[in-house]
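Trainee: I am new to this structure. Please give me a close look at a single part, the nonpolar core, and tell me how it fits into the rest.

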Amino acid sequence: MAGLQCFGCGQEFGFFRREHGCKKCGRLFCSGCTSYSMVLPERGSKKMKVCFQCFKNATR
């Protein structure tokens, strides 16, 4: 039975690699794959951690 994996890099989550949810799409990523942050108007005025794909889609 395989454990949960990061949606970005495919690394398996464990004790040293924790899950972080992208605040835009909700998928699970490791901290390295959610290193982008931006303001999400639907969630307030604070910057939130998002994945690369959501960051790229919002800034193009």
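**A close look at the nonpolar core**

Mentor: Start with confidence. Among the elements of the protein chain, strand 2 (residues 28-29) has the highest mean pLDDT, 95, and helix 1 (residues 52-59) the lowest, 91. Those are scores from a predictor, as this is a predicted model. Over the protein chain the average pLDDT is 90, and 97% of the residues reach at least 70.

Next, the frame around the core. The protein chain has 4 strands and 1 helix. Read from the N terminus, the order is β-β-β-β-α. The C-alpha trace spans about 40 × 20 × 15 Å along its principal axes. Of the contacts between residues at least 6 apart in sequence, 18% join residues at least 24 apart. UniProt, in an unreviewed entry, lists residues 5-59 as "domain: FYVE-type". That span is 22% strand and 15% helix, and its end C-alpha atoms lie 26 Å apart.

Now the core itself. How much of the chain is buried? Buried residues are 22% of the 60 residues in the protein chain. The accessible surface comes to about 4500 Å², and carbon and sulfur atoms account for 52% of it. In soluble globular proteins, nonpolar side chains tend to be buried together. Here the largest nonpolar core has 12 residues. Its cysteines are Cys6, Cys22, Cys30, Cys33, Cys51 and Cys54. Its other members are Phe13, Phe29, Met38, Leu40, Met48 and Val50.

Take Leu40 as a starting point. Leu40 sits in the loop between strand 3 (36-39) and strand 4 (47-50). A loop position does not leave Leu40 open: its relative accessibility is 1%, so Leu40 counts as buried. The cut-off for buried is under 20%. Beyond residues up to four places away in sequence, Leu40 touches Lys23, Lys24, Lys46, Met48 and Val50. Two of those partners, Met48 and Val50, are core members too. Look also towards Ala58: Ala58 is 18 residues from Leu40 along the chain, and their C-alpha atoms are separated by 9.7 Å.

Move to Phe13. Phe13 lies in the segment before strand 1 (20-21). With 12% relative accessibility, Phe13 counts as buried. Leaving aside neighbours within four places in sequence, Phe13 is in contact with Leu4, Gln5, Cys6, Arg18, Glu19, Leu28, Phe29 and Cys30. Cys6, Phe29 and Cys30 from that list belong to the core. Asn57 is a distant reference point: 44 residues separate Asn57 from Phe13 along the chain, and 26 Å separates their C-alpha atoms.

Cys54 brings in the helix. Cys54 is placed in helix 1. Its relative accessible area is 12%, so Cys54 is buried. Outside neighbours within four places in sequence, Cys54 is in contact with Cys22, Lys24, Cys25 and Met38. Among these, Cys22 and Met38 are core members. Lys24 is 30 residues from Cys54 along the chain, yet their C-alpha atoms are separated by 6.7 Å.

That leaves the cysteines. How many disulfides does the structure hold? There are 0. Why does Cys22 not form one? The closest cysteine sulfur, in Cys25, is 3.6 Å from the sulfur of Cys22, too far for a bond. A disulfide needs cysteine sulfur atoms within 2.5 Å. Cys51 fails the test for the same reason: Cys54 holds its closest cysteine sulfur, at 3.6 Å, too far for a bond. Both cysteines are under cover. Cys22 is buried, with a relative accessible area of 4%. Cys51 counts as buried at 3% relative accessibility.

Put the pieces together. Leu40 enters the core from a loop, Phe13 from the segment before strand 1, and Cys54 from helix 1. The cysteines take part in this core, while the structure holds 0 disulfides.

How values were computed. Residues are numbered from 1 along each chain as its sequence is written. This is a predicted model: local features need pLDDT of at least 70, side-chain atom pairs count only at pLDDT 80 or more; totals for chains, interfaces and linings use all residues. Side-chain values use heavy atoms; hydrogens and water are left out. A nonpolar core is a set of buried Ala, Val, Leu, Ile, Met, Phe, Trp, Tyr and Cys residues joined through side-chain atoms within 4.5 Å. Buried means under 20% relative accessible area, exposed over 50%, partly exposed in between (1.4 Å probe, protein chains only). Contact means heavy atoms within 4.5 Å. UniProt positions are given in the numbering used here, feature names are shortened, and annotations may be inferred rather than shown by experiment. Helices (H or I, at least four residues) and strands (E, at least two) are DSSP runs, numbered from the N terminus. pLDDT is the predictor's confidence in each residue, from 0 to 100. Accessible areas come from the Shrake-Rupley method with a 1.4 Å probe; for residues, only the protein chains shown count as cover.
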